[in-house]
Amino acid sequence: MHQETASPKTVQFKLKKNKSNPVLKPNPENQWENLVVCNPGVWYEDGTFYMLYRAAGNDKDHVIRFGLATSKNGVDFIRSSNDPVFSPSENGPDMGAVEDPRIVKFGEEYYITYAYRPYPPGQYWKFGHDEINLPDCGPNAPAVLKRNIANSGLLLTKDFKNFRRLGRITQSNLDDRDVILFPEKIKGKYAMLHRPKEWIGEEYGCNYPSIWIRYSTDLMVWEEPSTLLLDGKENTWEEKIGGSTPPLKTKDGWLVIYHGVENGGQGYYRVGAALLDLEDPSIVKGRLDDWVMEPEHDYEIDGFYKGCVFPTGNMIIEDTLYVYYGAADRFVGLATCDINELLKLLKNED
């Protein structure tokens with residue numbers, strides 16, 4: 001079980017949203033991204049921001065792809081192509097949708113976790129809560145196909161333009177999204193955050209979907225037991241929670257930005273922050289009681305999820321934390337803060 005060594009602290013600290021938000025909007029000129037751009041993985045290297053963003057056009061099936069945009073200042077992004085850089089496979093397990101990339105780098109290669117489905121979800125905002133399109137299949141079809149369950153896979157790239165699908169890294173009959181890798185090994189092992197939706201109840205120690213941590217010696221084999229890391233808080237803004245961005249290594253610990261949803265997952269999406277121990281990230285050193293970002297503006301409220309800020313990319317440049325997020329499942333936003341100020345609060349220092 002996770003251990004919190006510092007009691008939560010209520011603060012009025014908030015990330016500052018960029019005045020140019022949204023920093024990326026749907027492109028009416030491209031059919032595959034004329035309705036939605038959101039939930040981007042973002043990487044910063046050698047003076048360039050690389051944004052791998054989720055995109056969809058105004059089609060009934062709601063096929064989801066990835067586009068690529070770059071920027072020199074982190075605000076003004078230019079699309080690299082009029083075509084998607086990564087799309088669902090033609091007849092593979094991820095032929096329905098590819099979603100929500102999170103990027104880390106080992107050596108010269110970028111490893112990207114992403115969610116996918118075996119069948120297009122449809123325009124889900126027109127359905128009931130947690131409802132999506134289901135395929136026609138026989139009685140012996142596995143659960144992943146029968147229920148169109150979202151799994152998580154791993155991609156490999158060296159340039160964000162050419163990708164190799166490495167395969168599934170979660171259990172196929174679990175809706176296990178928000179799968180995020182730590183950017184380096186810890187005591188010789190890779191580490192992962194994940195959020196299996198079905199792991200709730202007394203036997204799991206949480207009442208709502210929560211954030212778990214697990215380790216492995218192989219990026220494709222995750223068989224060691226998971227440990228409950230962060231769970232939701234009853235009757236708060238974060239009853240249901242999940243990981244958001246790749247953990248960032250700081251002098252004080254691993255900074256984790258996560259999302260929380262009120263009403264058991266049927267309300268506003270907000271953003272929280274926690275600090276994990278560097279040597280043993282299953283130990284929670286600090287966690288803010290209050291959110292650091294919430295939906296406020298039209299572009300975060302008037303969309304396909306009305307009231308959602310959903311971070312998926314972050315980095316620290318000098319003393320500034322950059323957080324890129326999906327806004328209302330329609331746009332991409334940017335928020336920043338002084339990293340030292342945030343870490344001071346997480347350490348519960350006056």
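Which residues form one aromatic cluster? In this predicted model, the cluster brings together Tyr-44, Phe-49, Phe-77, Tyr-322 and Tyr-324. These rings offer a pleasant way into the structure, and the overall architecture is a good place to continue.

The protein contains 3 helices and 22 strands. Its radius of gyration is 19 Å, close to the 20 Å that the globule rule gives for 350 residues, so the protein is as compact as a globular protein of that length. Along the principal axes, the C-alpha trace spans about 55 × 45 × 40 Å. Of the 350 residues, 59% are buried. Contacts across the sequence are also well represented: among contacts with a separation of 6 or more, 56% involve residues 24 or more positions apart.

One open sheet is built from 4 strands, arranged in the order S11-S12-S13-S14 with antiparallel pairing. Its edges are strand S11 (176-181) and strand S14 (227-230), each of which pairs on one side only. From one strand to the next, the twist averages 35 degrees. At the S11 end of the sheet, S11 pairs with strand S12 (residues 190-196) in the antiparallel sense, over 4 bridges. Leu-181 has Met-192, in S12, as its bridge partner.

Aromatic side chains deserve a closer look, with a count of 25 aromatic pairs. In one of these, the ring centres of Trp-125 and Phe-304 lie 4.3 Å apart and the planes meet at 35 degrees, so the pair is tilted. This pair links distant parts of the chain, the two residues being 179 residues apart. Trp-125 belongs to the loop between strand S8 (109-117) and helix H1 (143-146), whereas Phe-304 belongs to the loop between helix H2 (298-301) and strand S20 (309-317). Trp-125 counts as partly exposed because its relative accessibility is 23%, while Phe-304, at 18%, counts as buried.

The pair of Tyr-204 and Trp-212 is edge-to-face, with 6.3 Å centre to centre and 85 degrees between the planes. Here Tyr-204 is partly exposed, with a relative accessible area of 26%, and Trp-212 is buried at 6% relative accessibility. An aromatic ring also meets a charge in this model: the charged end of Arg-270 sits over the ring of Trp-291, 4.6 Å from the ring centre.

A few backbone details round out the picture. Most residues other than glycine have a negative phi, and most peptide bonds are trans. Against that background, Asn-21 and Pro-22 are joined by a cis peptide bond, with omega at about -5 degrees. Pro-22 is placed in the loop between strand S2 (16-17) and strand S3 (36-45).

Two aspartates are also of interest for their phi angles. Asp-100, although not a glycine, has a positive phi of about 50 degrees. This residue is found in strand S7 (residues 97-106) and is buried, with a relative accessible area of 9%. Asp-329, likewise not a glycine, has a positive phi of about 55 degrees. Asp-329 lies in the loop between strand S21 (320-327) and strand S22 (331-338), and its relative accessibility of 11% means that Asp-329 counts as buried.

Definitions and conventions:
Residues numbered from 1 in each chain as written. Predicted model: local features only at pLDDT ≥ 70, side-chain atom pairs only at ≥ 80, totals over all residues. Heavy atoms only, no water. Pairing = 2+ DSSP bridges. Axes fitted to C-alpha atoms, helices over the stretch in contact; angles between N-to-C directions. Phe/Tyr/Trp six-rings, centres within 6.5 Å; stacked < 30°, edge-to-face > 60°. Buried < 20%, exposed > 50% of the residue type's maximum accessible area, 1.4 Å probe, protein only. Lys NZ or Arg CZ within 6 Å of the ring centre and 35° of its normal. Rg over C-alpha atoms; globule rule 2.2 N^0.38 Å. Contact = heavy atoms within 4.5 Å.
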